[in-house]
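Take a look at the fold and its ligand before reading on. The paragraphs below go through the sheets and helices, and then turn to the ligand.

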Amino acid sequence: MSSNQTNVKIPESLDRQAVAALRAQVRGELIQPGDAHYGEACRVYNAMIDKHPALIARCADVADVIQSINFARDNNLLLAVRGGGHSGAGLGSCDDGLVIDLSRMKGIRINPKARTARVEGGCVWGEVDHATHAFGLATPSGIISTTGVGGLTLGGGHGYLSRKYGLTIDNLLEVDIVQADGSLATASTDMNADLFWAIRGGGSNFGVATSFLFKLHPVSMVFGGPMFWDLKRSKEILAFWREFMPKAPEELSGFFAFVTVPPVVPFPEKLHLQRVCAIVWCYSGQPDQAEAVFEPVRNLAPMLDAVGPLPYPTMQSMFDALYPPGLQWFWRADFFKEISDEAIDLHVQYAQQMPQMHSTMHIYPIDGAPQRVSRNDTAFSYRDASYSQVIVGVDPDPQKMPGIIPWVKGYWEALHPYSAGGAYVNFMMEEGQERVQATYRDNYRRLAEIKVKYDPNNLFRVNQNIRTLEHNPR
Ligand SMILES: Cc1cc2nc3c(=O)[nH]c(=O)nc-3n(C[C@H](O)[C@H](O)[C@H](O)COP(=O)(O)OP(=O)(O)OC[C@H]3O[C@@H](n4cnc5c(N)ncnc54)[C@H](O)[C@@H]3O)c2cc1C
């Protein structure tokens, strides 16, 4: 269903007058089925997701968010919150309910002296990187610039700067949250400390984050880009990477990947559409040290070495063209404490069967600064994991997905016994309560207690949901 006129079920209790009153109250837009923008407003990044809300409130400010929350709660409507719309599971939208779409809330204010950025809830990371780069500053985030600040931060957030500066939540100083009762709370280590603990990894279970305050670091030019090796060398290269990374300076990050070489410039034609093993590097340390840092890797004679100096925002948007919105995505992920020889053999086996050409497997290093925070200091539990792994089946053509999904599932099932048990919430689809609980481990109990305090009726449940049988039986 993709037209503006859909079969969306508008709840009977939702009378026209109430909707008209909401429309009059919000400064942003209220979009309904039949409106000119409805089809476009429904679309999320993963085209496999096709949800049709009854109402989409494109909020202009915090007041709009408050009105929308109150409306959803009082009219017993399912409520979803959309930041950048990148969730693999499509958790930024819902069927038949109300979506609070934050995409108009784009304010960013940099304080170069204090090295902080105040960022509104609807920003995507490319916008933040653009704003901070003007001052030679940055904060850790993900590897695609179109990803939303909201979802990525609330789930934890890891990227090229994490080994040195921690997860995104480790750089979060303060957040404004509109809660289920419509009130606005500020959370930090000094204010509403329990809420601040919970939202740092506990996702969007506790309210709508309308503003984030991030710590910034001096990062401007970096040395980065991919290196490729023949797939036949996967075992050797993955084993090298496993030994090399923990000893490398924390300014160096490099995720290991299996990829298909895109059939476009700047990639040499002879490599086009070849499956290869890759490491995508980003070195944010002293420029005069870069050659020495990369020397052991270059001694492995990559068949493509595209590492060079570039502005950090360019590094951050390097994969945007390869992964535009509108592709089909099927995700499976896990955290790992180590990569055994047996696991490497399985990686090599599944890499040979990898569907062309967008599907991929990434292993992100999350050792270093993220591990210096204790597993109970924030809701993000897997501080003892060194790797965050994701396997994605991706293709523009929905017809190809039934052939691609079994590769993802088979690969994940083969590796899962070697994993730490849980996965990064931001890499999960809707995989059930057991998987959510496995991700939070002993933090789940505290999360459930805080959930009951701040959202007793589970209004915020279109997410990797924290719930307890006693308090939230739905
Ligand atoms: C191509 C791609 C690459 C990625 N790379 C990385 C990476 O390198 N590192 C990494 O850490 N993650 C990465 N991710 C995962 C990413 O962190 C999640 O998809 C994240 O949920 C995206 O946030 P969003 O705001 O765009 O998503 P949305 O779909 O808008 O929202 C996701 C969830 O967060 C909630 N939410 C969003 N904003 C708010 C808010 N302001 N207040 C309350 N709740 C909110 C939504 O309700 C929903 O439950 C990647 C995802 C994609 C698709």
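In what order do the strands of the open sheet of five strands lie, and with what pairing? The model, which is predicted, arranges them as β5-β6-β10-β8-β9, and the pairing is antiparallel. β5 (108-111) and β9 (184-187) are the edge strands, each pairing on one side only. From one strand to the next, the twist averages 10°.

At the β9 edge, four bridges link that strand to β8 (residues 172-178) in the antiparallel sense. Leu-184 in β9 stands opposite Val-178. Towards the other edge, helix α4 (residues 125-133) lies across β5, β6 (116-120) and β10. The helix runs at about 35° to β5.

A further open sheet has four strands, in the order β1-β2-β4-β3, and its pairing is mixed. Because β1 (29-31) and β3 stand at the edges with a single partner strand each, one side of each is left without a neighbour in the sheet. Here the twist averages 20° from one strand to the next.

β1 and β2 (residues 55-58) run antiparallel and are joined by three bridges. Within this pairing, Ile-56 in β2 is the bridge partner of Ile-31. Helix α3 (residues 62-74) packs on the sheet and touches β2, β3 and β4, its direction making about 165° with that of β4. Helix α1 (residues 16-25) lies across β1, β2 and β4 (98-101), and runs at about 150° to β1.

The ligand brings elements of both sheets into the description. At least two residues of the shell around it come from each of β3 (79-82), α5 (149-155), β10 (208-215) and β17 (328-336). Helix α5 provides the largest share, four residues.

Which residues come nearest to the ligand? Of the 34 residues around it, these are Val-81, Gly-83, Gly-85, His-158 and Tyr-424. By type, the shell divides into 15 nonpolar residues, 18 polar residues and one charged residue.

Several backbone atoms lie at short listed distances from the ligand's polar atoms. A polar backbone atom of His-86 is 3.1 Å from an oxygen atom of the ligand, and a backbone N or O atom of Ser-87 lies 2.9 Å from a ligand oxygen atom. For His-158, a polar backbone atom is 2.7 Å from a nitrogen atom of the ligand. Taken alone, the ligand exposes 950 Å², of which the protein buries 97%.

Note on methods
Residues numbered from 1 in each chain as written. Predicted model: local features only at pLDDT ≥ 70, side-chain atom pairs only at ≥ 80, totals over all residues. Heavy atoms only, no water. Near = heavy atom within 4 Å. Polar contact = N/O pair within 3.5 Å; in protein donor to acceptor, adjacent residues only side chain to side chain. Areas by Shrake-Rupley, 256 points an atom, 1.4 Å probe, with all protein chains shown as cover. Nonpolar A, V, L, I, M, F, W, Y, C, P; charged D, E, K, R; others polar. Pairing = 2+ DSSP bridges. Axes fitted to C-alpha atoms, helices over the stretch in contact; angles between N-to-C directions. Contact = heavy atoms within 4.5 Å.
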